[in-house]
Number of protein chains: 2
Amino acid sequence: MSAAVTISIDAMGGDAAPDMVVEGVRMAHERLPHVRYLMFGDSARLEPLLARFPEIKGVCTIHHTDEAVSMEAKPSQVLRTGRKSSMWLAVDAVQKGEAAGIVSAGNTGALMAVSKFVLRTLPGIDRPAIAGMFPTIRGETLMLDLGANVDCNSNNLVEFAVMGEVYARHVLGLEKPSIGLLNVGAEDMKGNDAVKAAAATLREYHLPIDFRGFVEGNDICGGAVDVVVTDGFTGNIALKTAEGTVKLYSTFLKEAFKSSLLAKIGYLLAGHAINKVKVRTDPRRYNGAMFLGLNGIAVKSHGGTDAFGFANAVGVAVELVTHGFNDRIRKEFDRLKPTEASLSQLAAGSR
Amino acid sequence: MSAAVTISIDAMGGDAAPDMVVEGVRMAHERLPHVRYLMFGDSARLEPLLARFPEIKGVCTIHHTDEAVSMEAKPSQVLRTGRKSSMWLAVDAVQKGEAAGIVSAGNTGALMAVSKFVLRTLPGIDRPAIAGMFPTIRGETLMLDLGANVDCNSNNLVEFAVMGEVYARHVLGLEKPSIGLLNVGAEDMKGNDAVKAAAATLREYHLPIDFRGFVEGNDICGGAVDVVVTDGFTGNIALKTAEGTVKLYSTFLKEAFKSSLLAKIGYLLAGHAINKVKVRTDPRRYNGAMFLGLNGIAVKSHGGTDAFGFANAVGVAVELVTHGFNDRIRKEFDRLKPTEASLSQLAAGSR
């Protein structure tokens, strides 16, 4: 059996919190019986919920607080006034070593700001990124950044590439993950200055990673590479565009199956197979975005998720802990990242 | 019957040109018998293709040229040396008034550069944009820019919003089209400087357009607004991400229908209904991206399209001509666009 792992939970974060969160922890517990939880939130609401699920009472400890971060709160405001919020206290538990990782379905910007402030970034990393998994024709692809940094320069993109590579190797278990930079075309001359400069660094500095150059939007789901690197603005929009497209397709399909008697009978026979497709493309399956580059494990669950999705986010946090991701990245980053000196050498035209 | 319309065709543009182009013109002719075509390209290849389709010989005039723009050519190089190419000559025919619009499946960057150089932009428009239609749960949505401008400032985005509004009103026939600005969140504080400033202008200057603020990636296919405005980098990636997601879903579906005997029988019964979904989401149906903001009609077909897709692109050009889109935008732009004076007034805090 695996050693005990403790995860801190922002029990008040998410559209349907705290009910959804407690139910999610119950579902996670079924799959991961060795995990313990520190639940931060309003004990008056959490106690009766836990009373409903005696099976998890033993693995959950409630830490009461009255305060919670609203979904609309500005990150800067949370940094000033949110120190007693369930989110802050849950992150703090990781910093103090009481928990190995934190999961929240709350306000993304606030969670990133608090995590950065409390946990700090890993040495050598300028900006943490949000990473998530996409289903593809070949299997799965890791994409980052999904929204932590709306403006990125080329150095940020190079850092994301290195963090993504380490993640794919150590957590996904790929021997030599391939990396692509998201762009509007595959040709060298295409794109904005940041992607062009990042590609030049990744290519010309001969980093020991399998950089495949530019990939396009259709390559994400096409599974052209194992890791897709992009800025947080584009990544967030690509992620949500893909989610919206899946919803459109399944809505059209539902309408089609209702359009004739034959189609209805067809659905009765093929329904089981079609549900498999729904399961494969279910955004809840891919719930749990990793904050990479922090001095501690933090996972963001979709704010609108249900318990099933929240349980998956807990699973992602446990996986990061189990694979000792942060130790790996700390050890590897020096080896992989181009140094300031080498970058200025490159800029001086030493190729 | 509609009056005769003449469209110039870059017969050598596209992966499968010129065969695909001629076949596409034949398909367009079936639907649009009143349209005539000036076909620019290698007559030695075009003559035998036209000989195969006697029904379109009467509406096509071949203009021979040996030269063609390759899909890899740099726009700057085409501007210097491409004056005898089929693409350039086809655009030139519009400038000379010999054709009312031009369609090409060739190199996008080159077509935009040549069109800008030869046709010029409409008065008051700084940057033309590429616009295209998306299928949505409610119907269809216009999105721009899809890749003409990888870097956009807030003024460019405001121009796109105005052009999109005029298009939706006059060509799509919507009375009061709603406009949204693509962003990573709906809240005011979200996003990069360009989208925040563009939203402020569209909101505070009280333009007579129905601006609904920010929309997110999932709102594109969700049909939240009639016109989605974004920069060319993000728009191109969103478009291709949606295409890739549709492909992923249909691949999963195909696999599912093969996974059991019951599913196979189900497919036989529901196949007709499922094909309707394929047709509704078929990228070829949405082929034909409009170049908006030029002093002439130019439509870009996907380079990898087939004849069916090319025929749709021709249809888009004919529609723009028939609705006199450029005259409309010329007349309306002054009324709609915030002036330099009003913008600096706004900047000075006169609200």
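Two residues are in contact if their C-beta atoms, placed from the backbone, lie within 7 Å. The model is predicted: local features need pLDDT of at least 70, side-chain atom pairs count only at pLDDT 80 or more, and totals for chains, interfaces and linings use all residues. Residues are numbered from 1 along each chain as its sequence is written, while chains are lettered from A and ligands numbered from 1 in the order in which they are written.

## Confidence

The complex has an ipTM of 0.87 and a pTM of 0.89 from the predictor. pLDDT is the predictor's confidence in each residue, from 0 to 100. Its average over chain A is 90, and 95% of the residues there score at least 70. Where pLDDT is low, the predicted coordinates should not be read in detail.

## Symmetry and interface

Two copies of a chain are related by a rotation about an axis and a shift along it. Superposition is by least squares on the C-alpha atoms of residues with pLDDT of at least 70 in both copies. A turn of 180 degrees and a shift of 0.0 Å along the axis lay chain B on chain A with an RMSD of 0.0 Å. The two copies are thus related as by a two-fold rotation axis. In chain B, the C-alpha nearest that axis belongs to B:Gly266, at 1.9 Å.

Of the interface residues of chain B, 100% are also interface residues in chain A, so the copies meet through the same surface. Chain B gives 57 residues to the contact and chain A gives 57. Helices (H or I, at least four residues) and strands (E, at least two) are DSSP runs, numbered from the N terminus. On the side of chain B that touches chain A, helix 9 (217-222), helix 10 (232-257) and helix 11 (261-281) of chain B each supply at least two residues. The largest share, 21 residues, comes from helix 10 of chain B. By class, this side of chain B has 29 nonpolar, 17 polar and eleven charged residues. Here Ala, Val, Leu, Ile, Met, Phe, Trp, Tyr, Cys and Pro count as nonpolar, Asp, Glu, Lys and Arg as charged, and the others, Gly among them, as polar.

B:Ala273 sits in helix 11 of chain B. A residue is buried if 20 or more other C-beta atoms lie within 10 Å of its own, exposed if 12 or fewer, and partly exposed in between. B:Ala273 has 21 other C-beta atoms within 10 Å, so B:Ala273 is buried. Beyond four places in sequence, its contacts are A:Ala256, A:Phe257, A:Ser259, A:Ser260 and A:Ala263.

## Helices 6 and 7 of chain B

The expected span of a helix is 1.5 Å times one less than its number of residues. Both helices agree with it.

| Helix of chain B | Residues | Expected span | Distance between end C-alpha atoms |
|---|---|---|---|
| Helix 6 | 108-119 | 16 Å | 16 Å |
| Helix 7 | 154-170 | 24 Å | 25 Å |

Helix 6 of chain B is mostly covered, with ten of its twelve residues buried. The cover of these buried residues includes helix 4 (75-81), helix 5 (86-95), strand 4 (101-104), strand 10 (289-292) and strand 11 (297-300) of chain B. In helix 7 of chain B, 14 of the 17 residues are buried, so helix 7 is largely enclosed by the rest of the structure.

## Core and a buried aspartate

A nonpolar core is a set of buried Ala, Val, Leu, Ile, Met, Phe, Trp, Tyr and Cys residues joined through C-beta atoms within 7 Å. The largest one has 238 residues, and those with the most contacts inside it are A:Ile9, A:Ala131, A:Ala317, B:Ile9 and B:Ala131. Not counting residues up to four places away in sequence, B:Ala131 touches residues including B:Leu142, B:Tyr167 and B:Met290.

B:Asp226 lies in the loop between helix 9 and strand 9 (227-229) of chain B. B:Asp226 is buried, with 25 other C-beta atoms within 10 Å. Leaving aside neighbours within four places in sequence, its contacts include B:Thr141, B:Ala168 and B:Pro177.

## Backbone exceptions

Most residues other than glycine have a negative phi, and most peptide bonds are trans. B:Arg120 follows helix 6 of chain B and has a positive phi, near 70 degrees. B:Arg120 is partly exposed, with 14 other C-beta atoms within 10 Å. In chain A, A:Arg120 also has a positive phi, near 65 degrees.

The peptide bond from B:Ala17 to B:Pro18 is cis, with omega near 0 degrees. B:Pro18 belongs to the loop between strand 1 (5-10) and helix 1 (19-31) of chain B. Another cis peptide bond joins B:Leu144 and B:Asp145, with omega about 0 degrees. B:Asp145 is in the loop between strand 6 (140-144) and helix 7 of chain B.
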